[in-house]
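Visitor: Hello! I am new to this structure and would love a close look at one part of it, with some help finding my way around.

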2 protein chains.
Amino acid sequence: TGPLGQGFANAVGMAFASKMFAKEFNNAKNSIIDHYIYAILSDGDLMEGISSEAASFAGHIGLGNIIYIYDDNRITIEGSTDAAFSEDVQSRFASYNWHVQKIDGHNFYEIEEAIVNAQKEENKPSIIIARTRIAKGSPNKEGSEHSHGSPLGVEEIKQAKMNIGCDPDLHFFVPQRVYDIMAERGRELADKHNEWNRRFKDQIKGELKKKWDTFFNLPDILSLKDDLPVFETGKAVATRSASGKVLEALFGKLPNIIGGSADLAPSNKSFVSGYEETGRGSIGRNIHFGIREHAMGAIQNGISSYGGFLPYSATFLAFADYMRPAIRLASMSGLHTVYLFTHDSIFVGEDGPTHQPIEHIASLRAIPKLTVIRPADAEETREAWLSAIDNRFGPTALILTRHDIPVIERKFGKAQNLNKGAYIIWDADSDPDILLIATGSEVHISIEAAKKLKDKGINARVISFPSWELFEKQSEDYKKMIFPEAVNKRIVIEAGIKMGWEKYAGIDGLYITIDQFGASAPYKVLAERFGFTEENILAKVIEYFKQ
Amino acid sequence: TGPLGQGFANAVGMAFASKMFAKEFNNAKNSIIDHYIYAILSDGDLMEGISSEAASFAGHIGLGNIIYIYDDNRITIEGSTDAAFSEDVQSRFASYNWHVQKIDGHNFYEIEEAIVNAQKEENKPSIIIARTRIAKGSPNKEGSEHSHGSPLGVEEIKQAKMNIGCDPDLHFFVPQRVYDIMAERGRELADKHNEWNRRFKDQIKGELKKKWDTFFNLPDILSLKDDLPVFETGKAVATRSASGKVLEALFGKLPNIIGGSADLAPSNKSFVSGYEETGRGSIGRNIHFGIREHAMGAIQNGISSYGGFLPYSATFLAFADYMRPAIRLASMSGLHTVYLFTHDSIFVGEDGPTHQPIEHIASLRAIPKLTVIRPADAEETREAWLSAIDNRFGPTALILTRHDIPVIERKFGKAQNLNKGAYIIWDADSDPDILLIATGSEVHISIEAAKKLKDKGINARVISFPSWELFEKQSEDYKKMIFPEAVNKRIVIEAGIKMGWEKYAGIDGLYITIDQFGASAPYKVLAERFGFTEENILAKVIEYFKQ
C-alpha cells in the first residue's frame, strides 16, 4: 500500500465504505455486505502518526468490521524497538475504543481464536497484537535487524528450515496435505460465493438494482449539466461558495458521492445539509474526519479503492502538505478522488504566512497524474467539478478562493472551455501584442487591466489557464491557437510561486507572482503589498512591453 | 507555532535540547540548565498524528521537563468533539509513558497544584487535562463552536463579563491587585535571574566556557576544510556514503551537531559511531527518531529554535513528503537545520514507484528560503555539507544517491564551486554549441556524453548545477558567464520532473527528465528504460542539435 502507515488508514477507508454499502443495500433479512477488512501491521505502521489519526477515527465510528494483526516482532531497521518505541500498544488502542487481544503470533490456534473473537466484536475495530520472532528458526539472525532487509543466505536458510521442522533440501516445497486443505477450502468458498450470488440476485433487483448500478456507473457529465447551478454575471461569489452550491446539487444527483472536511466544513463549504452524518456509532454521507488531514487522504484512498463511491475531502490549501503522501498514492494508483482546497492564496488574510499557501499550487502540479484546477470564477467552478467527476482514472484537486470574486462577463470563451485547461477569456479586437496568462482570482483583474491596456494602444489577450494537466491533453493546433508562437511578450499573473510557468511564458516572460512567504493583514492590504492590483499589473505590463 | 500539532512536537524538541544542554553543562553541584518547557494544547493538536509521534518519542526518552496543559473544551470548528473525537486522552497518554492529571481548567488552585505535581515528576513528560468551557460566561455562546472563530459581539461580551464577576463597562481593565502581584513576582524572578547569572559565571568558565562558546558560535567553514575527507578521483562512492564520512569528521569538530534518522540510519549513513545514543531514558548526539518523519522534522525545529545546536535529520527522499509541513516552517522561521535525503531517484531500484522520488526535488525547490543541494559526486557532497553549515539563517536539504557514482575528474572547475550553485565542470576547447545542464548522479554521464559529442564535432559545455538557490544569489555577470545568452541549445538532464527547469533551458530546451512515476527493477534496467544512459543522451542531443 505504499510507505508505512498508509495501509492502516486505507483499510479504515475500505471498512467505512463497506459499512456505507451495508447501510444502503442490506436489509433486516439479507446481509449482502457482511465481510471483514483484514490488514497486517508492523511497528513502523504504528509509529507513523497517520495510524493514530485513522485508529482514533475508526474507534470513534465503531468500525467493527476491521481486523488488524500487528506483527509485534520488536525489530526495526535500526535494531530493537527499544531504540525508539516502548509505548503500551495494548492500552493505546483500548484508549481509541478498539478491541485488543494479545497472542503468540507463532501459535496457529491462538491466531484462529483471536480472529474468531475479533469477528464477533461488532461495535469496535479489532487489533490482534501477535508477538513474533523475526526470521524464526534462523540460528544467527532470529530476532535481529539483520534479517529485515537482506537475504539470510543459503546456509542460514537450510538451518532455519531444519529448526522449524522442514526438509532443508526442498525448495518452494508445498506438502500434499496443504494442497488438500486448500482444495477443500476452495470448494467451501466456491459454495459460499454461489450462495452469495443467489442472495445478491434475490435482493438487489428492481429499484435497488437501479441504485446499485448508479454506484458503479457514473453518468455522463452532460446529463448532469442541467441540474447544476448557473451563476449570474457580475455577482461576487467566492469559488469555495460556488463549489458548495455545486456539491449540494451533485449530492441530489449522485447517491455515491460522499466526503467531508478535516474540521473546516463551514470554511470549505463541504458539508451538505439534509443528508446524514458520520459520527460516533453512525454512518452517513457527510463525514467528519476530525483534524486529521493525512488520515483523511488515506481513508479517502481506501474508500475509492473499495469501489462504488466517489469520495471528496476538504481542507485549506496550506494544509495540503499534511496529506501530500496520500495524494501522491491516489495519483499513482489512479484513484478517482476529489480534493477541495480552499483559502488558496495570501488572500486568506489575517491568519498570516503559516496559513497562506504560496508554493502549494506548484507543488501539487508537480505530482504526476494529479489534475489541478484553479477556476477563475463561480462558473468555472461548476465546470471544474464536472471535470473532476469525468476524470475517472485519477484524482483532481480544486483550488478555491476564500474571498468573493466577480462572475466574469464572457464574450469570448464560455466557462465550459475549462475542460480544455486554458482558453481565451478576453481578447483585443486585432492580433494580440501580449498575452496575459492568469488563474483563479487573478483572472478578473487581468481582464480589467487588459481593457485599460487597450486604451493605451496595447492589444492584450487574457488567457484563463485553470489547469495545466487538462491543457497538455489538447492538440498542438489548439495550443498554438491559444498561445500564438509569434507573441513572445507573455505575462503570468498568479498569487503563488512562478516555478514551472516558464514553460508557457519563457525565460523572458514577465511574472507577477509571489516568490516569498506571505504576511498577516486584511486581504486588500496584501493585494497592494504584493502587487495584485489592476494598477500595479498595468504599470508592470506597460514597462515590460516597452522593453 | 504554525498549523496544528507542530507546537506539540516543537516543544518536545526544545525539551530534548534542554536535556542535552543539561548533560553537557550541569554537574552534581550546579544545575545551570534546570527549567521546564510549557505548552498549551488544543483538541486539534491531539488529533493530528504528529502529536502521537512526538508523544511516543518523548515518553520513550522520558523527558520529565515537559509540562503540557491540554485545553479540553470539547469544541472544534465543526462543533462538539462528539463529531469526530471520543478517544480516552488520559489512558492514551499513559500508554505513551506520560504522567497524566485531570483537573477543572477554571480552578486556579487545581491548575497550580497540577503544575507543581508535574514539576516533581522528573522521569516522564506531563500532560494536564484541563476541562474547560469555551467562552465561559457568555450567555449564548458558552460551550459552542460559534465562539471559536468569530467575535462574541458587544452585548454578549458585557453579559459574559457580568457572569464571571467583572465590571461590564470596563475595557482592558487590570485590577490594582494584579499589578501588585505581578510587580512582586517580577522582583522574585529578577532575584532568581541574578542568582542564575552568578551560578552560570561560577560554573561556566575555563574549558567549559570555551565549549559553551563553540555551541553558540559556529566556526568559519574555512577552518573546517582541512579536517574533512578528500575523495580520490575515479573512485566509485555513493554520495550518501560520502555524506556519512563528512558527518563523522564534523562530529569530531563540532560538538553541537546532533541528529539522526527516522529508522533508516544504516541506509542514510546518518549514525556516527563512537558517540552516545538517545534511547529509553538516555540522551546522546545520535538520535533514534523512530518511524516518525513528521515529528522528526518538527522536533528538529524545536531543537534549532532552542539554540546552541545544529540538528540534522535523515530519511529517504520519497518520504520528505511526510515531513514537508515541518520543513516549510523551518524555512519560514529561518531555522538552521540540515536534511539528509538519500535514495534520491528511480535508481533506488527494486523498492518501486512508492519509494522512488520523482517530483520531490522540484517540490522542495518550490519552498521559499529552503536551500536544496544535489551534489554530483563525493567531492561536491563535502562542499554541500560546508554550505549547509554556512547557511545559518535557513534550512538546507542535501539530496543524495543510494548508488555508487564516480568521483569526477576536475580539469575545469573545482568542487568548491558548489557554493556558487552552478559551475562549468567540463568544457569544450572552443565556445560551446550547446549546454548540458545536470545535477547529482546525472553529471558524470553528461560528461561522458560531452566527450563523445566532441568527437562528433559538437562542442558541449557541461554545467554541474547542484543548487538553484545558491546560483540565484550570484551576480548577473557570473550567471551569464555560465549560461551564455548566445547558446540557446540547452539540455537538462535530471532523474526527476522537468518542472521549473524551463527557467534555465527555456521553452525550446531539451529535457531528459522523468515526468511519470517510476518502476520496480534493478537500477541499471531502470537507467535503460528511462533513458539515463550515455548512449540515449548522445542520441537525443544529436537529434536536438540538428533541429
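Visitor: How many salt bridges does a search of the whole structure find over all chains? Please take a close look at them for me, and then at what surrounds them.

Guide: Happy to help! Please keep in mind that this is a predicted model. Over all chains, the search of the whole structure turns up 64 salt bridges.

Let us begin with one of them in chain A. The side chains of A:Arg365 and A:Glu494 come together in a salt bridge, with 2.7 Å from N to O. A:Arg365 sits in helix 13 (residues 360-365) of chain A, while A:Glu494 belongs to the loop between strand 19 (490-493) and helix 18 of that chain, so this pair ties together parts that are 129 residues apart in sequence. Both A:Arg365 and A:Glu494 are buried.

Now turn to chain B for another example. B:Arg185 and B:Glu188 form a salt bridge through their side chains, at 2.7 Å from N to O. These two residues lie in helix 7 (residues 176-203) of chain B, and because B:Arg185 and B:Glu188 are three residues apart there, about one helical turn separates them. B:Arg185 has a relative accessible area of 39%, so it is partly exposed. B:Glu188 is partly exposed too, with a relative accessible area of 38%.

A further salt bridge in chain B joins the side chains of B:Glu383 and B:Lys225, at 3.2 Å from N to O. Here B:Glu383 is part of helix 14 (residues 378-390) of chain B, whereas B:Lys225 is in the loop between helix 8 (207-216) and strand 7 (236-238) of chain B, so the pair ties together parts that are 158 residues apart in sequence. B:Glu383 counts as buried because its relative accessibility is 6%, which falls under the 20% cut-off. B:Lys225, at 25% relative accessibility, counts as partly exposed.

Chain A has a network to show you as well. There, salt bridges link A:Lys225, A:Glu379, A:Arg382 and A:Glu383.

With those pairs in mind, let us step back to chain A as a whole. Its secondary structure comes to 20 helices and 20 strands. Along its principal axes, the C-alpha trace of chain A spans about 90 × 60 × 45 Å. Chain A has 547 residues, and 61% of them count as buried.

The surface is worth a visit too. A nonpolar patch is formed there by A:Val174, A:Val178, A:Tyr179 and A:Met182, which together have about 370 Å² of accessible area. One of these residues, A:Met182, is found in helix 7 (residues 176-203) of chain A. A:Met182 counts as exposed because its relative accessibility is 54%, over the 50% cut-off.

Next come the open spaces. The largest pocket holds about 1800 Å³ of space. It is lined by 45 residues, and the closest to its centre are A:Gly506, A:Ile507, A:Asp508, B:Gly506 and B:Ile507. From chain A, helix 16 (468-472), helix 17 (476-482), helix 18 (502-505), strand 20 (510-512) and helix 20 (534-546) each give at least two residues to this lining, and so do helix 16 (468-472), helix 17 (476-482) and helix 18 (502-505) of chain B. Sorted by kind, the lining of the largest pocket has 16 nonpolar, seven polar and 22 charged residues.

The second largest pocket has a volume of about 950 Å³. Among the 36 residues lining the second largest pocket, A:Ile77, A:His148, A:Gly149, B:Leu264 and B:Ser267 are the closest to its centre. Two or more lining residues come from each of helix 2 (43-47) and strand 3 (75-76) of chain A and helix 10 (265-268) of chain B. The lining of the second largest pocket divides into 12 nonpolar, 13 polar and 11 charged residues.

Last, look inside for cavities. The structure holds eight cavities of 30 Å³ or more, and the largest cavity has about 110 Å³ of space. Residues from both chains line the largest cavity: A:Glu48, A:Gly49, A:Ile50, A:Glu53, A:His294 and A:Tyr322, along with B:Glu48, B:Gly49, B:Ile50, B:Glu53, B:His294 and B:Tyr322. Helix 3 (49-61) of chain A and helix 3 (49-61) of chain B are the elements that give two or more residues to this lining. In the largest cavity, the lining is made up of four nonpolar, four polar and four charged residues.

How values were computed: Residues numbered from 1 in each chain as written. Chains lettered and ligands numbered in written order. Predicted model: local features only at pLDDT ≥ 70, side-chain atom pairs only at ≥ 80, totals over all residues. Heavy atoms only, no water. Patch = residues over 30% accessible without salt bridge, like charges linked within 9 Å, V, L, I, M, F, W, Y side chains within 5 Å. Areas by Shrake-Rupley, 256 points an atom, 1.4 Å probe, with all protein chains shown as cover. Salt bridge = Lys/Arg side-chain N within 4 Å of Asp/Glu carboxyl O. Helix = DSSP H or I, 4+ residues; strand = E, 2+ residues; numbered from the N terminus. Buried < 20%, exposed > 50% of the residue type's maximum accessible area, 1.4 Å probe, protein only. 1 Å grid on protein atoms, 1.4 Å probe; cavity = no way out; pocket = protein on both sides within 12 Å on 5 of 7 lines; lining within 4 Å. Points joined across faces, edges and corners; volume = space filled by probe spheres on them. Nonpolar A, V, L, I, M, F, W, Y, C, P; charged D, E, K, R; others polar.
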